[in-house]
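User: Could you take a close look at the aromatic rings in this structure, and at the side chains and cores around them? I am in my first year, so please explain each term as you go.

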Amino acid sequence: MKIQVVPKFHKYHVYVILFFMFVAVTSYSQVTVKSLKELMPYLKKSNVDVKLQPGEYVITAEDVSKGEYAEELKLKSISKILLLFQGNNSTYDFTGVTLKIKTEVLQAYGNYQVHELQIIGNNNVLKNLTLIDDGSEHDAPTRRACNIVMDGSNNRIEGFHVTTKGSFPYGYGDAFGKGGKAVIKHQKHSACLIRGESNHLKNSTFIHKSYGHCIFMQAANNPLIEGCVVEGEVRKTDDMLLETSGPAFNVDFMTVWGYKLPAGYMLSTGEAGIRAYDGGETIIDGQFIKRGTSNPTVKNCTVKYMRTGVTIAHATGKKYVEGCTAIGCENGFSLGSGEVVNCYADCSYGPVYSSTYEKDEKYNADITIIPPINPYYNGSRNVAYIGGSNHNITLRSKDNTIGKNLAIRVGGEKNNIRLLYGNLPNQNNFKASDIKLENKTNYPVSLSDKSSKITVKSLGNVTDLGVNNKIEKVQNKK
């Protein structure tokens, strides 16, 4: 009979196993820190689970002058960062924590852009932080600022509540400039920039009282924005024109568009609620990458009182928006191409959907028009503006009431405040062709003289100035 020899299990082996078991447990057991100073070393570590003790913490300009928050990144322009998360595979729990950033901090670094919180590592989770810019809406950064920047890959920010303040000029939207060209030099302050690979912003709320975008994407591949709420502010241009002092008064209300600010429109004091750009630079695994935004997904978000609800026309690849609502925005949804599924918007201050360029193609949308949150103040008089080709669009309605003198327009003039008197002709007066439109609302449809091969099924009346359009008037099913 063959006897199997079993090797002796030396006590040394037991010690080794126990050691690695101890390391495995202790590496991922949660550590509680009691101050920002205690937290800072953990931002550079990997495989940690850190909880900041609940309470209120404040960062001031004096803290910056002492060199306590001096992280720096050199991308296209140098950023100064208060909290830079550099490690991988870590969790940071801020439940019960309120972090106040004094708006004086936005000037404390001199002529640098300021990022309050930035992630450059991978596979990290940051959750449940209340982040507040503490000061006036007019305490602008010396250059520009952003509350949150997400680089790296597969990171998740969840359960944040962010209040953004501090920009110049505030209270006019983009009427006096937004990019390189400006009538009034501006210092923007945005809320959340998503870059990197497969980063995820989830179940977070943004109170946006700043001139700048709220949530926007640059150099982001496969970003996911889910369950977020954005709330900005709006003003009537009539109220702006009543000012007897201030930056707009000082330039005689002459806009960057080449004409005096017109009455009769509602403008957001911020910029886009959720926006994608076709350029940008990010850092992943220590490598700097220049590229556009691709394959964005936006789900179950609500955007209120912003220049746009969800505008991701400049992204490439698959663009998908589902279960989102735009309330009191200048424009609800603009994708260029892509899918808008089971979404909602009102047309209080602007269209629920607007084509971005005449080349827009293969836009498929199902949007329910909801009652206005406030009385109509829609200067463009557009319920929706549809240009481009090969779209399939369904518009529904929550009730049978309609705003006076509003219509669903297919092609032709947009009547947007930025496009008057021939300004920006590449964004206006589009042709529209080979489009299927199902209008299940009582709003009228206006097919312009630039429309052709439009197939319309409409509950509301249809005016046809185009060619080869096919119209079917339908009855409301009770």
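Analyst: What follows goes through the aromatic pairs, then the charges over rings, the nonpolar cores, one buried polar residue and the cysteines. This is a predicted model, in which local features need pLDDT of at least 70 and side-chain atom pairs count only at pLDDT 80 or more, while totals for chains, interfaces and linings use all residues. Residues are numbered from 1 along each chain as its sequence is written, and side-chain values use heavy atoms, with hydrogens and water left out.

A pair of aromatic rings is described by the distance of the centres and the angle of the planes. Rings of Phe, Tyr and Trp (its six-membered ring) pair if their centres lie within 6.5 Å, and planes under 30 degrees apart count as stacked, over 60 as edge-to-face and the rest as tilted. By this rule there are eight aromatic pairs. In one of them, the ring centres of Y172 and F176 are 5.4 Å apart with the planes at 85°, which means that the pair is edge-to-face. Y172 is buried at a relative accessible area of 4%, and F176 is buried as well, at 2%; here buried means under 20% relative accessible area, exposed over 50%, and partly exposed in between, with a 1.4 Å probe and protein chains only.

Another edge-to-face pair is formed by F216 and Y277, with 6.4 Å from centre to centre and 80° between the planes. Because F216 belongs to strand β15 (residues 215–221) and Y277 to the loop between β20 (272–276) and β21 (281–284), this pair ties together parts that are 61 residues apart in sequence. Strands (E, at least two residues) and helices (H or I, at least four) are DSSP runs, numbered from the N terminus. F216 is buried at 9% relative accessibility, whereas Y277 is partly exposed at 23%. Ring pairs also link W257, Y259 and Y421 into a cluster.

Rings can also have a charge over them, which is counted if NZ of Lys or CZ of Arg is within 6 Å of the ring centre and within 35 degrees of the ring normal. The charged end of K80 sits in this way over the ring of Y112, 4.7 Å from its centre, and that of K318 sits over the ring of Y320, 5.5 Å from its centre.

A nonpolar core is a set of buried Ala, Val, Leu, Ile, Met, Phe, Trp, Tyr and Cys residues joined through side-chain atoms within 4.5 Å. The largest one has 89 residues, of which I215 and F333 touch the most other members. Strand β6 (residues 91–102) gives this core its largest share, five residues. Apart from it lies another core of 15 residues, and among them are Y172, F176, M240 and Y259.

Turning to a polar residue, Q118 is found in strand β7 (residues 113–119) and is buried at 1% relative accessibility. Its side chain makes a polar contact with that of D151 at 2.8 Å, where a polar contact is a pair of N or O atoms within 3.5 Å; within protein, one must be able to donate a hydrogen and the other to accept it, and residues adjacent in sequence count only if both atoms are side-chain atoms.

Finally, a search of the whole structure finds zero disulfides, a disulfide being a pair of cysteine sulfur atoms within 2.5 Å. The cysteine sulfur nearest to that of C228 belongs to C301, 4.7 Å away.
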